[in-house]
Amino acid sequence: LKDEYDVIVVGAGPAGSMAARFAAEKGVSVIILEKDRDVGYPVRCGEAISKAGVEEFIPIDEKWISAKINKFALVSPDGCEAVIEFGDAGYVLERRIFDYELAKTAADKGAVILTKAYVNGLLFNGDKIAGVKYEFRGEQKEVKGKIVIAADGVESRVARWAGLQTYTDFRDMECCVQVTASNINIDPNTLYFYFGENIAPNGYLWVFPKSGGCANIGVGVGGMVGKKKSALSYLNDFMDKKYPDAPVLTSIAGGVPSTPTLKKISAPGIIIAGDAARQVNPLSGGGIASGMIGGSIAGRIAAESVIRNKPDHIFSYDIEWNNRLGKRHETFNRIKNGIYNFSDEKFNNIAASFLKAPGNKRSLRSLFTVALFNNPSLLIDIAKVFI
Amino acid sequence: MNLMKRKRNLIWSLIKHNMFRQAKTGILLIDIISSKCDLCGCCVGICPEDAIELKESEIFIIDERCTNCSKCIWSCPIEAIKFNKDGVPV
């Protein structure tokens, strides 16, 4: 362990690991500081990801795939299931193994990983960020670095210490709880999404299949909803109604910052990536793929900036991220706001008219058509996604 | 410094929690029940004052920074944060 590294990455999730890997690949020295004892644990995630999202970064390996997905089922408040088929749409992952493998790819490129290292402050040299302070097994330590990549997740504080405003408005935070239950009798290749004011207001409830008859059942509700009723009680209501006897294997909580990316995700000496920068698809709440993309851009730009000795180069991260996904997420956010304002009646109407179409003509497109018919103002936003 | 903010927030908290007579000003009234807490970090992410510290297996509120705004209570998915009208020992 050296006293000084070129790049310091805080957090060993998908974004942090990718940032470290892409920086180390360019030949700079990298250290990852992770606060927990294990990389990849505790899992705080629904674990679904699109096929393209994984394949960009790591070859598919059966050991971290729990289920293969080729269908989506959108369930309306009155129980109608609108099933949409895709070719090879995606996977449900085994995150504790997946994150571990991702971190290993970073280590293979030469990144140093330190677990149980809790970052609790930044080192400054004048105005410039010169490294981080961290607590390691009860001892306060310091490590110097040229660039800090803050990939410290939804509970991000590192960027705040650098003077960026990064906290999420509580109304935009999707508060989630999830259980992994066994003996769930569902199609093993379908992701189920439940909508409705009594099921998950300002959010949705998901049932994602996993191997061996298990499933991740979780609910995310908007922060405003939490004032009256917590996400936990919504999930308990659903479990009591639908799967009262299912044994629960794990239960977790977590927050999804479902807003577009922060306005400013880089500052002198610091780059923010992943959930910390709110690089989350606000419509689906999915953040694994976009976190990895954000991390990879962050890592590459940090390394380039070190190699060329141009500290200003890191500001191009904002532009590159916006071109890659940032603008898209803004549109998704508008669609989300449209959909979350739908009433139960509207959801029921959409599902009913969708089911009237003959089976072979049911696609995401026809679902959108019906949704548009119910809410024409969505048209503009959807058009922007495809243009 | 935060005393002003605390007093202002207190009014809203009092209306919300309907306990005008009992609560005290100027002291920490937000209580994280560590036995219930899952250490998910939701509250840390929404805290506008950067007043919650989350380590590997412990979580606590930094008394000098907290303004009792109650946002963490609403955002907690598992009801592990409560408003304590008598004040929380620091």
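**Rings and charges in a predicted model**

User: What makes A:Lys2 count as lying over the face of A:Tyr5?

Analyst: A:Lys2 sits 5.1 Å from the ring centre of A:Tyr5. A charge is over a ring if NZ of Lys or CZ of Arg is within 6 Å of the ring centre and within 35 degrees of the ring normal, so 5.1 Å fits the distance part. A:Lys227 also lies over a ring face, that of B:Trp74, at 4.2 Å from the ring centre. By the way, this is a predicted model, where local features need pLDDT of at least 70 and side-chain atom pairs count only at pLDDT 80 or more. Residues are numbered from 1 along each chain as its sequence is written, and chains are lettered from A in the order in which they are written.

User: Why is the pair A:Trp64 and A:Phe98 called edge-to-face?

Analyst: Rings of Phe, Tyr and Trp (its six-membered ring) pair if their centres lie within 6.5 Å; planes under 30 degrees apart are stacked, over 60 edge-to-face, the rest tilted. A:Trp64 and A:Phe98 are 4.9 Å apart centre to centre with 70 degrees between the planes, so they pair, edge-to-face.

User: Where in the chain do A:Trp64 and A:Phe98 sit?

Analyst: A:Trp64 is in the loop between helix H2 (51-55) and strand S4 (65-75) of chain A, and A:Phe98 is in helix H3 (residues 95-108), 34 residues apart. Helices (H or I, at least four residues) and strands (E, at least two) are DSSP runs, numbered from the N terminus.

User: What makes A:Phe193 and A:Phe208 edge-to-face?

Analyst: Their centres are 5.6 Å apart and their planes 75 degrees apart, so both cut-offs are met. A:Phe193 and A:Phe208 also belong to one aromatic cluster, with members including A:Phe72 and A:Trp206.

Technical notes
Side-chain values use heavy atoms; hydrogens and water are left out.
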